[in-house]
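Let's take a walk through a protein chain together. Keep the picture open and turn it as you read.

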Amino acid sequence: MDTSQVTIPDLGGRTAIVTGANSGLGVETTRMLVAAGARVVMAVRDEVKGRAAADSVGGDTEVRRLDLADLASVREFADRWEGDLHLLINNAGIMAVAQGTTRDGFELQFGTNHLGHFALTNLLLEHITGRVVTLSSGLHRSAPGIDFDDVNLERGYTPYRAYNQSKLANLLFTLELQRRLEDAGSPVLSTAAHPGYAATGLQSHGANPVSRALLLMGNRIFAQSPAHGALPTIFAATQDVPGAAFAGPKAMGGLRGAPALSSRSEAAWDGRAAKRLWALSEELTGVAFPLRPKDRG
C-alpha cells in the first residue's frame, strides 16, 4: 500500500481509538497507525469481524465493542477507558439507509453518525492528549442546514437528506469542539476529514436499489481504494494543520487524489448553528463538555 502522499510521524508509545475499524476506511486507518507504531483500539459493533480485521492488520491492536446507535454502549465503552488517549478517530458511519431509529429513539443516521460520536468524544475528552478527527463527507454540501424543528426528519425523511444532514452535523461538531477546546485552554485539536469517493462497503447498504447499483458501479470505475480514502484521515490526524481543519482529496473536485486541506460549505462554517447543535446534542444525549473555560482574569 502506497502511503507516501502523507509522511506519518513516529507514533510509538501513542494510543488511538478508531471507531468502525473492522472494514473499509476504518481498517485501513488502523493499518497505517499501527505501521507508524501506535497501539490502536478497534471500536466495533461486531467483535467477531473486528478480531478478523485485527488479525489482518497485525501489530498492537485491541478489539472492543462499541455500538454508536446505543448510548448505553457508548457510556460502557467510555467508562472502561483508562490512561491517555492520543487520537480519537470518529470514523464509523452509515450511509443513506432506510428510515429507522437508534435504541434511544433518534433518527438512525443522525443518531449514529453524529450523536454517538458526540457522546463518545465528550465522555473520553479528559483522556485525550492529541486530536479528535471526525469523518464527514463532501455530501455535507447538499444539506442547507440542520433542521432544528425536525432533527429526526419525521416530516420529510429521505435516505440522502438524513445522511447529508448527519455529515453537516459532523463538521459543525468539529467547529464547536475546537472553539470549546480553545476556550478551555486545551492543546487538543479538533479536525475533520472526508475520503472523497472511496470504494468501501458503505455504498452497499443504501435503501434505494437504483442509487445503490450506480454507486457500486462507480466503485469499480471511478473510486479510489479504501487505503487512499483513509489518507485524508491520517492527514488530519498527524500533519501540521489548524484547529477545525477539514482534509480531503485535492483532485477531481475532491473525489480522489492526494490529501490536502479542503473547503466546506457556508453552512458548515455557521458558528451559531454549531452552538445550537451542541446544546441540542447535550440535551438529547445527556452528555456535556467536561472541560471548564480557562480563567481570563
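When we say helix here, we mean a DSSP run of H or I that is at least four residues long, and helices are numbered from the N terminus. With that in hand, look for G37, which follows α1 and has a positive phi, near 105 degrees. One thing to keep in mind as we go: this is a predicted model.

Now zoom out for a moment. The chain has eight helices and eight strands. Of its 297 residues, 55% are buried. And if you take the contacts with a separation of 6 or more, 72% of them are between residues 24 or more positions apart.

Back to α1, which covers residues 24-35. Is its length what you'd expect? Its 12 residues, at 1.5 Å each, should span 16 Å, and the end C-alpha atoms sit 17 Å apart, which agrees. This helix is also largely enclosed by the rest of the structure, because 10 of its 12 residues are buried. The buried ones include G24, L25, V27, M32 and L33. What do the buried residues of α1 pack against? Their neighbours are the strands β1 (15-19), β2 (39-44), β3 (61-65) and β4 (85-90), along with the helices α2 (47-57) and α7 (226-238).

Next, find the greasy part. The largest nonpolar core has 48 residues, and I17, F77, L88, L120, L124, I128 and L177 are those with the most contacts inside it. Several elements each supply at least two residues of this core, including β2, β4, α3 (71-79), α4 (108-124) and α8 (271-285). The biggest giver is α5, with eight residues. To see one core residue up close, pick L177: leaving aside residues up to four places away in sequence, L177 touches T121, L125, V132, S190, W278 and F289. There's also a second, separate core of 32 residues, with L11, V18, A38 and A245 among them.

Since α5 gives so many residues to the largest core, let's check that helix too. Its 25 residues should span 36 Å at 1.5 Å a residue, and its end C-alpha atoms are 36 Å apart, which agrees. As for surroundings, 18 of the 25 residues of α5 are buried, so this helix is largely enclosed by the rest of the structure. After α5 comes G185, whose phi is positive, near 70 degrees.

Now turn to α3 and α4. How do these two helices pack together, and at what angle? The angle is about 25 degrees, and their axes are 9 Å apart. Angles under 35 degrees count as roughly parallel, and α3 and α4 are therefore roughly parallel to each other. Their crossing is right-handed. On the α3 side, L71, V74, R75, F77 and A78 make the meeting, and on the α4 side you'll find L115, G116, A119, L120, L123 and L124.

Last stop: two oddities in the backbone. Most residues other than glycine have a negative phi. A96 is not a glycine, yet its phi is positive, about 55 degrees. You'll find A96 in the loop between β4 and α4, and with a relative accessible area of 2%, A96 is buried. L153 likewise has a positive phi of about 55 degrees without being a glycine. This residue lies in the loop between β5 and α5. Is L153 buried or exposed? At 1% relative accessibility, L153 counts as buried.

Terms used. Residues are numbered from 1 along each chain as its sequence is written. This is a predicted model: local features need pLDDT of at least 70, side-chain atom pairs count only at pLDDT 80 or more; totals for chains, interfaces and linings use all residues. Side-chain values use heavy atoms; hydrogens and water are left out. The expected span of a helix is 1.5 Å times one less than its number of residues. Buried means under 20% relative accessible area, exposed over 50%, partly exposed in between (1.4 Å probe, protein chains only). Contact means heavy atoms within 4.5 Å. A nonpolar core is a set of buried Ala, Val, Leu, Ile, Met, Phe, Trp, Tyr and Cys residues joined through side-chain atoms within 4.5 Å. Axes are lines fitted to C-alpha atoms, for helices over the stretch in contact, and angles run from 0 to 180 degrees between N-to-C directions. Angles under 35 degrees count as roughly parallel, over 145 as roughly antiparallel, 65 to 115 as roughly perpendicular and the rest as oblique. A crossing is left-handed if the near helix is turned anticlockwise from the far one by less than a right angle, and right-handed if clockwise.
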